[in-house]
Amino acid sequence: MSEKPELSIDFLVVGGGIAGLACAIALRRVGHNVVVLERSSDADILKMSHGGIRLPPNVSKILFHWGLERALRQVSITATAVEIAIYDTGEFVGTHQWEEEVLRETRGEYLFLHHVGLRRVLHDAAIAAGAEVRLGVSVVSVNSDDDGPHVTLTTGETLMADVIVGADGRSSIVQQAIVGKDVYGSSPYHCLFYNTTVPGALMRADPDLAPFFSQHVESMYLWMGSGRSALGFRVGGKDEFGLHFWVPPRQEGVCDDDRWGGGVDLDEMRRQLGPCEPRLLKMAKLAATPARVRVKMVSPMEDWVDKHGRLVIIGEAAHPLPAGSLQGGAMAVEDAAVLAKLFSHLRTEDQISTFLHAFQDLREDRCASVVQTEQGNLCFQMLPTGPHQEERDNEMRTKTAQGESVFGGGEAAEQWEHLKELFGYDAEDEADDWWVKWGLLRERAKQRSLDMEAEMKTHLSNIHIR
């Protein structure tokens, strides 16, 4: 049972994606009032939710703890391995099976599912928890002034709250209200990311593609190339194969704007693949209309909380990761878990600002480290042809020839050790530790100050009476 605060307050969450819905669930679990504002309608969400998503153990264990294990298992597949090949030739260079002991220690699992499946699980859980989720609602301004935190909608309606949470993605309107500009929009982009799926029936009908659906060990598949990379995995809940591509930007002068809601020509994606192995070409020809997103390497933001201590940003609004990152959705759920844990201790309004700043203090180093790791992983799998790429590939070939995991030593092994740290992190434990070490001390110090002030007033009153 989650700890309940002595004081319940009103939260407005701008954005009803993974971050916003997870935030609503977490805050409702500890007894706060939550309204979620999402600009997309139900129909728009179904259109934009193309492709699969991966949930690593550090986030699946949070969702399991929230009581969502059964719902997630109905729409997901548990994976235990990764197979690695060369992008342009299809040469198999090695495999790695995640150690059972490592996964057991993390208390989570590696889940593959469709993006729309995850969103539906979170949406239903938020509603069941008592949150109000308003779809098709657009926010045009966010303010935190003498009138209190409030947002204005396109309809002219103004909504008030005690705290406004910006969970509205990379080009966040709440982020702009805090830092004064669109940090993500003004950053240069590194490459393009395409996210799509391939019907399982079509793949099983092709002898070259059918093996992806008949492996003894459920795996994801990584193709490493020069300036290009691909990732594939079966998704739960639907008979589909998720497919991610990272490719160079299109030619100069062509608009590569983000397109989550369709409208991307499938031939465009195929042209961007460049020289690649036959199986990838076949899957690309069978794929559904993809989403397209620019991949940006964004530097950490200094401010997640406004000067009044009533606006805060979470998820991609606070720490954008490269599109398609393993930890993209995970960081958003971790943020939600930490924020709610802190606010489970709320007793007075003057703690609100303290808890919001504590949230940033707790999360920014963790998120900066994860963003740096995800950026490094993407560069590692897209190394340009040359000495470093040859060293990477030859190391993996040697380990495979010796019957070892590709992450059994060397640079790759160092990356795997770091992944274990990522997977083992417990967001809610971190928040509990902060409360025990610092939160309680601050509350006791404040109470002692109030007690001393009361004693002094009593003492002076007694002197005056005499």
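Modeller: Contact means heavy atoms within 4.5 Å. This is a predicted model, in which local features need pLDDT of at least 70 and side-chain atom pairs count only at pLDDT 80 or more, while totals for chains, interfaces and linings use all residues. Residues are numbered from 1 along each chain as its sequence is written, and side-chain values use heavy atoms, without hydrogens and water.

Colleague: At about what angle to strand 7 does helix 6 run?

Modeller: Helix 6 comprises residues 115-129; helices (H or I, at least four residues) and strands (E, at least two) are DSSP runs numbered from the N terminus. Angles run from 0 to 180 degrees between N-to-C directions, with axes fitted to C-alpha atoms, for helices over the stretch in contact. Helix 6 lies across both strand 3 and strand 7. Relative to strand 7, its direction is at about 90°.

Colleague: What is the order of the open sheet of three strands?

Modeller: Strand 3 (52-55) and strand 4 (76-78) are the edge strands, each pairing on one side only. Two strands pair if DSSP finds at least two bridges between them. From one strand to the next, the twist averages 25°. The pairing is antiparallel and the order is 3-7-4.

Colleague: In strand 7, which residue is the bridge partner of isoleucine 53?

Modeller: Strand 7 covers residues 111-114 and pairs with strand 3 in the antiparallel sense over four bridges. In strand 7, the residue bridged to isoleucine 53 is leucine 113.

Colleague: Which element gives the most to the lining of the second largest cavity?

Modeller: A cavity is a set of points, on a 1 Å grid over the protein atoms alone, where a 1.4 Å probe fits but cannot get out, and its lining residues have an atom within 4 Å of a point. Eleven residues line the second largest cavity, and Asp42, Ile45, Arg119, Arg120 and His123 lie nearest its centre. Two or more lining residues come from each of helix 2 (42-48), strand 8 (132-135) and helix 6. The greatest contribution, four residues, is that of helix 6.

Colleague: Why are strand 6 and strand 17 each left without a neighbour on one side in the sheet?

Modeller: The open sheet of seven strands has mixed pairing and the order 6-5-14-15-16-13-17. Strand 6 (92-97) and strand 17 (291-296) have one side without a neighbour because each stands at an edge, with a single partner strand.

Colleague: By how many degrees are neighbouring strands of this sheet turned against each other on average?

Modeller: The sheet in question is the open one of seven strands, with mixed pairing. Its neighbouring strands are turned against each other, direction ignored, by an average of 20°.

Colleague: In strand 15, which residue is the bridge partner of leucine 222?

Modeller: Five bridges join strand 14 and strand 15 in the antiparallel sense. On strand 15, leucine 222 is partnered by leucine 231.

Colleague: At about what angle to strand 6 does helix 13 run?

Modeller: Helix 13 lies across three strands: strand 5 (81-86), strand 6 and strand 14. Against strand 6, the helix runs at about 65°.

Colleague: With which residue does glutamate 218 form a salt bridge?

Modeller: The structure holds 24 salt bridges, each a side-chain nitrogen of Lys or Arg within 4 Å of a carboxyl oxygen of Asp or Glu. For glutamate 218, the closest N and O atoms are 2.8 Å apart. Glutamate 218 lies in the loop between helix 8 (200-204) and strand 14 (219-224), and its partner in strand 15 (residues 229-235), so the pair ties together parts that are 16 residues apart in sequence. The partner is arginine 234.

Conventions: On a 1 Å grid over the protein atoms alone, a cavity is a set of points where a 1.4 Å probe fits but cannot get out, and a pocket is an open set with protein on both sides within 12 Å along at least five of seven lines; lining residues have an atom within 4 Å of a point.
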